[in-house]
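Subject: The structure, and what I found in it

Hi,

Here is the structure I promised to pass on. Have a scroll through it first, then read my notes below with the viewer open.

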Amino acid sequence: MKRSIAGLFVASLVLFNLVGCTSSNGELDNPRQGTITIASDESFKPLVNALTNAYEGIYPNAHFKVDYKPEQEAIRQLLQDSARVIFSTRQLNEKELEIIKQQKGSQKFQHIATDGLALVVSKANTDSLITMPEIKAILEGKITDWSQLKGGNQKGLITLVFDNANASNLNFILKKFEIKDIQRLRIISSGSNEKVIEDVRANPLHLGFIGVNWISDGHSLASEELSKGIFVMGVATKATPDSLSEYIQPFQGGLEFKRYPLHRDLYIISREGYSGLGGGLMTYIARDVGGLIIQKMGLLPTVPYPRELEITTGKNF
């Protein structure tokens, strides 16, 4: 009897997975058509929108329903098989991989870009340089006032502004500096990266943390508008930099060779067990055109778009 019940459960699970992979006409999706749900941390919304819109432009019968939410919730959605693909700043851990294994599911990932966590302040705040030891001291509660920063030229309590708890921005910064307790910090959650920018713009004593792709697309009017009224801080690794050139911003020049100290990896993770729409998106991103979009958005693609240069020397060879 126990074997029969177990067999029925497995059969039901397989049937559920097949139904979840079908399009509205009952057929399995493929790289050129179908509708699937994907999820991403809201920090990468401009980039994910650009990639999925470009793919749908090539294949009009392909459609992505994108859920933007804190990173840990996106990973949970993948584990529950309610999202086929996710964008994340980390790979799945052993416990998460075991959950998929127990579901007899598959998992694959690829590193698609190097991203930077940007620190932003109001243009009314002229303290636009900071060091890694100073950031750590702020998170530890040892520095609480802007006047305590080296070269600080204003006074007032520092308020840290993040998008959401369980989102990649806060989780990354806490892990980077090995911070366990934030209960005594002046810290607020604004609800989104865009609202972090709006909050910082209006409050000179606030220090915001955002995904740089929100403001790094030089060809986007939305990115240009969001950049108004804020400074992106330069971050130096050493406590006492020798020159201003050691303060790096999280744009492509700083992300190259991982010179910007708050760089992070961006992955696309799929649990698709066959050649479907999720795999098509992954292949597209891994190829040249996907790299070009990532590059245009201001991040550093893992697969850079090749450039052909014609050099004229005036000499015959």
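Below is what I found, going from the whole chain down to single residues.

Keep in mind from the start that this is a predicted model.

**The whole chain**

The protein has 317 residues, and 45% of them count as buried. Its secondary structure comes to 11 helices and 12 strands. If you take the contacts between residues at least 6 apart in sequence, 73% of them join residues at least 24 apart.

**Start at β1, α2 and β2**

Strands β1 and β2 are parallel and pair over 8 bridges. For one of those pairings, find Ser 40, whose bridge partner in β2 is Tyr 68. Together β1, α2 and β2 form a β-α-β unit, and it is right-handed.

Now look at the helix in that unit. Helix α2 covers residues 45-58, which is 14 residues, and spans 20 Å from its first C-alpha to its last, close to the 20 Å expected at 1.5 Å a residue. Which residues of α2 are buried? They are Pro 46, Leu 47, Val 48, Leu 51, Thr 52 and Tyr 55. A handy thing to remember here is that an α-helix has 3.6 residues a turn, so residues three or four places apart point the same way. The buried residues of α2 pack against several elements: the strands β1, β2, β3 and β11, plus the helices α10 and α11.

**Then move to β6 and its partners**

Strand β6 (residues 159-162) is covered on both faces. Thr 159 and Val 161 are buried on one side, while Leu 160 and Phe 162 are buried on the other. β6 runs parallel to β8 (residues 206-211), and 3 bridges join the two. One place to see this is Leu 160, which has Leu 207 as its bridge partner in β8. β6 also pairs in the parallel sense with β7 (residues 187-189), again over 3 bridges. There, the bridge partner of Phe 162 is Ser 189. To get from β6 to β7 the chain passes through helix α6 (residues 168-176), making a right-handed β-α-β crossover.

In α6 itself, the buried residues are Ser 168, Asn 169, Leu 170, Phe 172, Ile 173 and Leu 174.

**The nonpolar cores**

In soluble globular proteins, nonpolar side chains tend to be buried together. Here the largest nonpolar core has 67 residues, and Phe 87, Ile 173, Ile 215 and Leu 262 have the most contacts inside it. Strand β4 (residues 108-122) gives the largest share of this core, with 7 residues. Ile 173 is a good one to click on: leaving aside neighbours within four places in sequence, it is in contact with Leu 117, Leu 139, Phe 162, Phe 209 and Leu 262. There is also a second, separate core of 11 residues, including Leu 79, Ala 83, Tyr 267 and Ile 269.

**Asn 193: buried or exposed?**

Asn 193 sits in helix α7 (residues 193-202). It counts as buried because its relative accessibility is 0%, and the cut-off for buried is under 20%. The side chains of Asn 193 and Glu 42 are joined by a polar contact of 2.5 Å. Beyond its neighbours within four places in sequence, Asn 193 is in contact with a set of residues, among them Glu 42, Ser 43, Asp 163, Asn 169 and Trp 214.

**A few residues to check on your own**

Most residues other than glycine have a negative phi, so watch for these:

- Lys 104 has a positive phi, near 60°. It is in the loop between α4 and β4, and it is exposed, with a relative accessible area of 69%.
- Asn 166 also has a positive phi, about 70°. It lies in the loop between β6 and α6 and is partly exposed, at 40% relative accessible area.
- Glu 178, just after α6, takes a positive phi of about 55°.

Last one: Thr 283, in helix α10, is partly exposed, with a relative accessible area of 36%. Thr 283 and Pro 31 are 252 residues apart in sequence, yet their C-alpha atoms are 9.2 Å apart in space.

Happy clicking!

How values were computed: Residues are numbered from 1 along each chain as its sequence is written. This is a predicted model: local features need pLDDT of at least 70, side-chain atom pairs count only at pLDDT 80 or more; totals for chains, interfaces and linings use all residues. Side-chain values use heavy atoms; hydrogens and water are left out. Buried means under 20% relative accessible area, exposed over 50%, partly exposed in between (1.4 Å probe, protein chains only). Helices (H or I, at least four residues) and strands (E, at least two) are DSSP runs, numbered from the N terminus. Two strands pair if DSSP finds at least two bridges between them. A crossover is right-handed if, with the strands pointing away from the viewer, the path from the first strand over the helix to the second runs clockwise. The expected span of a helix is 1.5 Å times one less than its number of residues. Contact means heavy atoms within 4.5 Å. A nonpolar core is a set of buried Ala, Val, Leu, Ile, Met, Phe, Trp, Tyr and Cys residues joined through side-chain atoms within 4.5 Å. A polar contact is a pair of N or O atoms within 3.5 Å; within protein, one must be able to donate a hydrogen and the other to accept it, and residues adjacent in sequence count only if both atoms are side-chain atoms.
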